[in-house]
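Here are a few short exercises to work through with the model open beside you. Try each task before you read its solution.

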Amino acid sequence: MRKGLFISFEGGEACGKSTQIKLLKEYVETRKDKDNFLFIREPGGTKLGEEIRNLLLNYEVDSPTPKAELLLFLASRAQLFEKVILPALNEGKIVVADRFYDSTVAYQGFARNILSAEEIYNLHKTILGDFLPDLTFYLKISPEQAFKRKEVFPSLDRMEKEGTFFHQKVYEGYEYLCRKEPDRFAIIDATDSIENIHKEITNKINNKLKKDA
Ligand SMILES: Nc1ncnc2c1ncn2[C@@H]1O[C@H](COP(=O)(O)OP(=O)(O)OP(=O)(O)O)[C@@H](O)[C@H]1O
Ligand SMILES: [Mg+2]
């Protein structure tokens, strides 16, 4: 039976997910129970999933239709769930994901309008059952503020070539999810300093681990 803890990091482009996950990894390395943590990313996290990730982010010759894209994301997730996430949680591990279900709702639901949020939830349920993260860090920042951070980067991947309207929709998607499941989300002010955010995140995780112990 499932004993571990599943934590996801969510938010729009450049909100600081990778920065915070990197710091969390460094912090975990200092813990005695470091082998109890497993870091994964979405899409990806398995060999097949990483290939799907490359297709989704860089395929320029024949880019996927919106529905094909959604199904590729879910194919990666189905593989990751059965092969990696579930076995780790059954062993009692703490699994940390860079994006998960909420990204599908925000990007493929709200921003691309492929299916409604409810339809995406139903699809998710068909594939993964009732499984959702135990704790989701939502790094909240407006698209305008987030994009100021990326001005230094000359090459943007396919997702980032979308317009500001798209990113505003992503933002609205996350707002909807936070309203729908307030208990699952820890909303973090992503405009705060990297160090403050890191402290907030480690405090929340430690509190959660104490509560569940
Ligand atoms: N709290 C912060 N304050 C200022 N700059 C930050 C903060 N957090 C991250 N950054 C900077 O913003 C940029 C984007 O950060 P990062 O790559 O961690 O975002 P991300 O959410 O992983 O983005 P993506 O969705 O593209 O994967 C980086 O240059 C990073 O150094
Ligand atoms: Mg990132």
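**Exercise 1. Compare the reach of helix α7 with its expected span, then find which of its residues are buried and which are exposed.**

Keep in mind that this is a predicted model. Start with the length: α7 covers residues 164–180, which makes 17 residues. From first C-alpha to last, α7 reaches 24 Å, close to the 24 Å expected at 1.5 Å a residue.

Next, pick out the buried positions. A residue counts as buried if 20 or more other C-beta atoms lie within 10 Å of its own. In α7 that gives H167, V170, Y171, G173, Y174 and L177. These buried residues cover an arc of only 155 degrees around the axis, which puts them on the same side of α7. The other side of α7 has T164, F165, R179 and K180 exposed.

A general rule helps with the spacing. An α-helix has 3.6 residues a turn, so residues three or four places apart point the same way.

**Exercise 2. Do the same for helix α8, and add what its buried residues pack against.**

With 19 residues, α8 reaches 27 Å between its end C-alphas, close to the expected 27 Å. Its buried residues are I197, I201 and I205. Seen down the axis of α8, they fall within an arc of 65 degrees, so they line one face of the helix.

Now look outward from that face: the buried residues of α8 pack against β1 (5–10), α1, β4 (135–140) and β5 (185–189). Turn to the other side of α8 and you will find exposed residues, including E195, N196, N203 and K210.

**Exercise 3. Which members of the largest nonpolar core touch the most other members, and which helix supplies the largest share?**

The core has 41 residues, and V95, V96, A106, L139 and V170 touch the most other members. Helix α4 (residues 101–111) supplies the largest share of this core, six residues.

Follow A106 as an example. Leaving aside neighbours within four places in sequence, A106 is in contact with A111, V170, G173 and Y174. Of these contacts, V170, G173 and Y174 bring you back to the buried residues of α7.

**Exercise 4. How many residues surround ligand 1, and which helix gives the most to the shell?**

Count the shell first: 13 residues surround ligand 1, the closest being G16, K17, S18, T19 and R149. Sort them by type and you get five nonpolar, five polar and three charged.

Then sort by helix. α1 (17–29) and α8 (194–212) each supply at least two residues, and α1 gives the most, with three.

Conventions. Residues numbered from 1 in each chain as written. Chains lettered and ligands numbered in written order. Predicted model: local features only at pLDDT ≥ 70, side-chain atom pairs only at ≥ 80, totals over all residues. Near = placed C-beta within 6 Å. Helix = DSSP H or I, 4+ residues; strand = E, 2+ residues; numbered from the N terminus. Nonpolar A, V, L, I, M, F, W, Y, C, P; charged D, E, K, R; others polar. Expected span 1.5 Å × (residues − 1). Buried ≥ 20, exposed ≤ 12 C-beta atoms within 10 Å, placed from the backbone. Arc of directions from axis to C-beta. Contact = placed C-beta atoms within 7 Å. Core = buried A, V, L, I, M, F, W, Y, C linked by C-beta atoms within 7 Å.
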